[in-house]
Amino acid sequence: MNNNNTNYKKSGFSRTNANNIQSEILSNQGRVPPQAVDLEEVVLGAMMLEKGAVNAIIDILTPEVFYKESHQMIYKAIKELFAKSEPIDILTVTNQLKSSGNLEVVGGPYYISQLTNRVVSSANIEYHARIILQKYIQRQLIVISTETIKEAYEDTTDVFDLLDSAENKLFQISENNLRRNYDQMPDLVSRAIADIQTARDSGSTLRGVPSGYTELDRITQGWQKSDLIILAARPSMGKTAFALNLARNAAVDFGRPIAFFSLEMSSVQLVTRLISTETSLTADKLRTGNLAEYEWQQLTTMVSPLVNAKIFIDDTPQLSVFDLRAKCRRLKQQHDIQMIFIDYLQLMTAKGEKYGTREQEISNISRSLKSLAKELDVPVLALSQLSRSVETRPGSKKPILSDLRESGAIEQDADMVLFIYRPEYYGLTEEDNVSTKGKAVISIAKHRNGKLGDVTLKFVGQYARFEDIEENFSDSEQLLPNNNFDQLPTRRIASRINSDLDGI
């Protein structure tokens, strides 16, 4: 038995099945492709008779959706006249085709005049146009499927490249043809009032996904649907730690399903950080496993909220925008994710496309992330690096918008830009030489739908945890042995241990 037959058997796919599929493809080649030529004639005729017909479908159809090449040329002439704001009728379309040298190719003036004779009414022209579009999509699906099957038989084809190519082609069909209609004011006003009533009835001032930090939520009202949020800072400021804290708060404290895409750290490393944050056990101890008996109990008991949290972590390296969109769509469909985190933006790629500069690629990525937020109607929070200009600036090292690396496109596309600034990192003190140890400032530098401001939090570096100021504990407080952890709030440290545990 040769190698090819062996491969077929290993995959559970016999050569007989492969031959059957190949025969089916060959038989399909004798079929007439999906089409609606009669409706094409009606639509073109109606457009030359009524201006309203043109306005109704000019943004639905493109020339290539027509099955007959002559109809493609006629529709292209109509679009050219529309673009120049010129009248559209039999005479103007005829002249436009004549000037482009296509008049005789389409059948001459007689054929164009005959198109209008097919029109009884233009009342259903939009419905007819969508049928034409559906037939075009069917033809495209046949082409893509046939090409995919043909390439799948090639031994030199990389299966993952083939999968990516097929998904990309299908995505392009959807993007280019399945456009949304506009919404009218009565519907929009009703939906807005319903949202306001829902907020009132809930008794909460938050309309978005909560961050878990009181002052930050007061300013933002939570992370809003369809918003692109950029969280930026210099290395070692705690970008990933803060993003994990935000994801943890939304999933554990508020039960929101969260998607977290990590292009820099592995999923196990991220979860280890979350465990450190949740259990107040240092990362060093968790890495080495050098835990006392009471710390093992502390670990197994206090980690339970994370076990039940709906946090979906993907650590695919060099994730492309296309792959991200496909993964998020599936997560939205299967788990109804409420927010997406990306760590971090500059590590993403715009796979399959070439750009002159990295700035152009980043520009495409940021636009795609904003588009993804709108499509899935969820907030997308992407981490971003800052340029070195922060380090060289004299005086305050507090970041500003121009410090964003490849800042133009990111600043433009983002609905909100937040910076993390820890003066302790630079050895800076406040007035009167007040220590800045543990101080973290979340600076809202751009807020398209709200106000700007600074939110001061406490950063507990050994646990990679950010806390509200009112929840802080002194640096002298340490974790003590405890065998009753389930009675403690999961994010409180051991200063709240009950007196009956003294002596353990």
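Let's start with helix H16, residues 293-302, whose buried residues are Glu-295, Gln-298, Leu-299 and Met-302. These four span an arc of only 100 degrees around the axis, so they sit on the same side of H16. A general rule helps here: an α-helix has 3.6 residues a turn, so residues three or four places apart point the same way. Turn to the other side of H16 and you find Glu-293 and Thr-300, which are exposed. And what do the buried residues of H16 pack against? Their partners are H14, H15 and helix H17 (304-307). Keep in mind that you're looking at a predicted model.

Next up, a pair of helices that meet each other. Helix H5 (residues 69-83) packs against helix H6 (residues 90-100) at an angle of about 105 degrees, and their axes are 9 Å apart. Angles of 65 to 115 degrees count as roughly perpendicular, so that's the label for H5 and H6. On the H5 side, the contact is made by Met-73, Ile-74, Ala-77, Ile-78, Glu-80 and Leu-81, while H6 brings Thr-92, Val-93, Gln-96 and Leu-97. Sort the residues of this contact by type and you get 7 nonpolar, 2 polar and 1 charged.

Now for two residues with a positive phi, neither of them a glycine. Here they are side by side:

| Residue | Phi | Loop between | Relative accessible area |
|---|---|---|---|
| Ser-280 | about 60 degrees | helix H14 (267-279) and helix H15 (283-288) | 2% |
| Asp-336 | near 50 degrees | helix H18 (321-335) and strand S4 (339-343) | 40% |

Which of these is buried and which is partly exposed? Ser-280 is buried, whereas Asp-336 is partly exposed. Ser-280 also ties back to our opening helix: the loop holding Ser-280 runs between H14 and H15, and both of those helices pack against the buried residues of H16.

Finally, the aromatic rings. How many aromatic pairs does the structure hold? There are 5. One of them is Phe-260 with Phe-341, a stacked pair with 5.6 Å from centre to centre and 10 degrees between the planes. This pair links distant parts of the chain, with Phe-260 in strand S2 (residues 258-262) and Phe-341 in strand S4, 81 residues apart. Phe-260 is buried, with a relative accessible area of 0%, and Phe-341 is buried at 0% too. Strand S4 has come up already, at one end of the loop that contains Asp-336. Elsewhere, Tyr-213, Phe-242, Phe-459 and Phe-466 form one aromatic cluster.

Note on methods:
Residues numbered from 1 in each chain as written. Predicted model: local features only at pLDDT ≥ 70, side-chain atom pairs only at ≥ 80, totals over all residues. Heavy atoms only, no water. Axes fitted to C-alpha atoms, helices over the stretch in contact; angles between N-to-C directions. Parallel < 35°, antiparallel > 145°, perpendicular 65-115°, else oblique. Contact = heavy atoms within 4.5 Å. Nonpolar A, V, L, I, M, F, W, Y, C, P; charged D, E, K, R; others polar. Buried < 20%, exposed > 50% of the residue type's maximum accessible area, 1.4 Å probe, protein only. Arc of directions from axis to C-beta. Phe/Tyr/Trp six-rings, centres within 6.5 Å; stacked < 30°, edge-to-face > 60°.
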